[in-house]
Amino acid sequence: TFGGAATWADMVNFEEAIATDNADVSGMHFLTTPATRAKWKTIERASNTGKYLWAKNSRINGYSGNVTNQVPSNKVIFGNFADLVIADWDGLDVVVDPYTLATSNQVRVTINLMTDVAVRNPVSFCVSTDSGAQ
């Protein structure tokens, strides 16, 4: 929980939470939203250092930071994404429909990919319970 604006201590706490469960490995990453990244680029680690939570090289406490709009409510996820399993279970289904939009000289193409997502080792992830963009 941030309980307010994110701090350097919060970034270290993410790492500690994973390490406490003996799940810290090389290659861990932060994942959050563009709004959180923008906010963290304005929060200094400590006063008058010129060093921000989100560094110029997209590093946070030495780990890579990634953004997507798919993270809900500006939450922050930190962990070993190698323990996230994405499994395609029914292949790729492509349907080409030349009839539905024929009057406007268009072809409708529908593509479906049947995929499941699972976490192999839940302690490999730490997720904030509130917004990182406060």
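**Exercise 1. Work out how β2 and β3 pair, and what joins them.**

Start with the pairing: β2 and β3 run antiparallel over 2 bridges. This is a predicted model, in which local features need pLDDT of at least 70, side-chain atom pairs count only at pLDDT 80 or more, and totals for chains, interfaces and linings use all residues. Residues are numbered from 1 along each chain as its sequence is written, and side-chain values use heavy atoms, leaving out hydrogens and water.

A word on terms: strands (E, at least two residues) and helices (H or I, at least four) are DSSP runs numbered from the N terminus, and two strands pair if DSSP finds at least two bridges between them.

Next, pick out a bridge: R59 has S64 in β3 as its partner. Finally, look at the turn: the two strands make a hairpin with 2 residues between them, and N61 in that turn has a positive phi of about 55°.

**Exercise 2. Put the strands of the open sheet in order and place helix α1.**

Step one: the 5 strands go β2-β3-β1-β4-β7, with mixed pairing. Step two: β2 (59-60) and β7 (125-127) are the edges, each pairing on one side only. Step three: helix α1 (residues 8-20) packs on this sheet and touches β1 (29-32), β2, β3 (63-67), β4 and β7, a contact being heavy atoms within 4.5 Å. Its direction makes about 140° with that of β7; axes are lines fitted to C-alpha atoms, for helices over the stretch in contact, and angles run from 0 to 180 degrees between N-to-C directions.

Step four, the inner pairings: β1 and β3 are parallel over 4 bridges, with H29 partnered by S64 in β3. Strand β4 (residues 77-79) pairs with β7 in the antiparallel sense over 3 bridges, and there F78 sits opposite C126.

**Exercise 3. Find the salt bridge and say what it ties together.**

First, the rule: a side-chain nitrogen of Lys or Arg must lie within 4 Å of a carboxyl oxygen of Asp or Glu. That gives a count of 1. The pair is R120 with D83, their closest N and O atoms being 4.0 Å apart. R120 is in the loop between β6 and β7 and D83 in the loop between β4 and β5, so the pair links parts 37 residues apart in sequence.

**Exercise 4. Say where the confidence is lowest and highest.**

Use pLDDT, the predictor's confidence in each residue, from 0 to 100. Across the protein chain the mean is 95, and 100% of residues reach 70 or more. Strand β5 (residues 84-97) is lowest, at a mean of 94, while β1 is highest, at 98.
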